[in-house]
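Please examine the model below. The questions that follow ask how particular descriptions are justified.

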Amino acid sequence: MIQRFPENPILIPSMLKPSTEGLTVECTINPGVFEFAGKTWMIVRVAERPVPVVGKTAATLFDAQGAIRILTFENSDPDLDISDSRAVVYRGVTYLSTLSHLRLVCSDDGVHFHEPDFPAIVPGVGALETYGIEDCRVAKINGVYYLTFTEVSEVGVGVGMMSTTDWRHFERHGMMLPPHNKDCALFEEKVGGKYWCLHRPSGIGLGGNFIWLASSPDIHHWGNHVCIARTRAGYWDSGRIGAGASPIKTDVGWLLLYHGATESNRYCLGAILLDLNDPTHVIARSDKPIMEPQEKYETCGFFGEVIFTNGHIRRGDEVTFYYGAADEVICGARVSVSAVLASLKIVR
Ligand code: MAN
């Protein structure tokens, strides 16, 4: 069903310069995707860390003044836990092993990307983004591009929003959904006179990592939250699920591509079909993944066995989607909307 680009991976860390001297680009992943000024653009999550030193582990963050601060730990220290490559845990406090910002790249053919000729770095700013910003979704609504992304800091992981019309000036709208929340995708048009978004709060104790839906009269104030999809024990999406990019409008409903992971963090892609007029109603869902980590660039890397999409371009029946592979590189693939729809199983 899925045609991966033969050129994969299409963006790798060595293709981008670090944002600051002394850092290396470790991962270029999870891009938001949009069309602007006749080109295809990706707003890429660029994860950086200090140039590694043998026997030591570093954690990187912004301080309150926005300057980069580096904490260094001895690998032999028994209080240090680096068993998950994405995190550095020291005496029970979790830091991230990399610090992410967002960066724009553009392309004439949707396959070969380069940095534009204007400053294209969107950094984390302020107290709620001291550990960086990640995994941006882009929705175009009435000529305005809305960016929803993960804001990370020591007080938690939440969803931030900004908007732009020219990709040079950004209006920051602050934290839209408080911790713990990520994977927020806006619908690109109103349904029933309201704005809608999918999001992924994490339950503590009761609940889990499920997909929720909310609505808003003005795109800034969100309410009427409902849980529309849960993880499924024994399935490929048993551990956590989260929305991809904006749902795709079809004649039979809103088609959402989503990621599902097992408890052991193997990330696959599936789809959910929502009612056109009442998106709180789930019509159908993938029983089996529509795509699994399979190529070497998906199974091996910074954090292997991961495919994660949050950006696509739709042309008629074809969706070209872009995805982070093994939390290290960006790849592209094409899929037919009708083939995905035909693969779904009706939910009773
Ligand atoms: C998880 C992973 C990391 C990410 C943090 C914070 O640990 O997805 O890549 O940096 O969450 O969002």
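A residue is called buried if its relative accessible area is under 20%. The model discussed here is predicted.

Q: Why is S163 called buried?
A: The relative accessible area of S163 is 8%. The cut-off for a buried residue is under 20%, and S163 is therefore classed as buried.

Q: Where is S163 placed?
A: S163 belongs to strand β13, which covers residues 156-164.

Q: What makes the pair S163 and H173 a polar contact?
A: A polar contact requires a pair of N or O atoms within 3.5 Å. The side chains of S163 and H173 make such a contact at 2.7 Å.

Q: Which residues surround the ligand?
A: The ligand is surrounded by R45, R86, L96, E134, V152 and K182.

Q: What makes 4 residues of the shell around the ligand count as charged?
A: Asp, Glu, Lys and Arg count as charged. The shell divides into 4 charged residues, 2 nonpolar and no polar ones.

Q: How do you know that the side chain of E134 has an N or O atom within reach of a polar contact with an oxygen atom of the ligand?
A: The distance between these atoms is 2.6 Å, and the limit is 3.5 Å. For the side chain of R45 the corresponding distance is 3.0 Å, and for that of K182 it is 2.9 Å. Taken alone, the ligand exposes 310 Å², of which the protein buries 77%.

Q: Which pocket does the ligand occupy?
A: The ligand takes up the space of the largest pocket.

Note on methods:
Residues numbered from 1 in each chain as written. Predicted model: local features only at pLDDT ≥ 70, side-chain atom pairs only at ≥ 80, totals over all residues. Heavy atoms only, no water. Near = heavy atom within 4 Å. Polar contact = N/O pair within 3.5 Å; in protein donor to acceptor, adjacent residues only side chain to side chain. Areas by Shrake-Rupley, 256 points an atom, 1.4 Å probe, with all protein chains shown as cover. 1 Å grid on protein atoms, 1.4 Å probe; cavity = no way out; pocket = protein on both sides within 12 Å on 5 of 7 lines; lining within 4 Å. Sits in = over half its atoms within 2 Å of the grid points. Helix = DSSP H or I, 4+ residues; strand = E, 2+ residues; numbered from the N terminus. Buried < 20%, exposed > 50% of the residue type's maximum accessible area, 1.4 Å probe, protein only.
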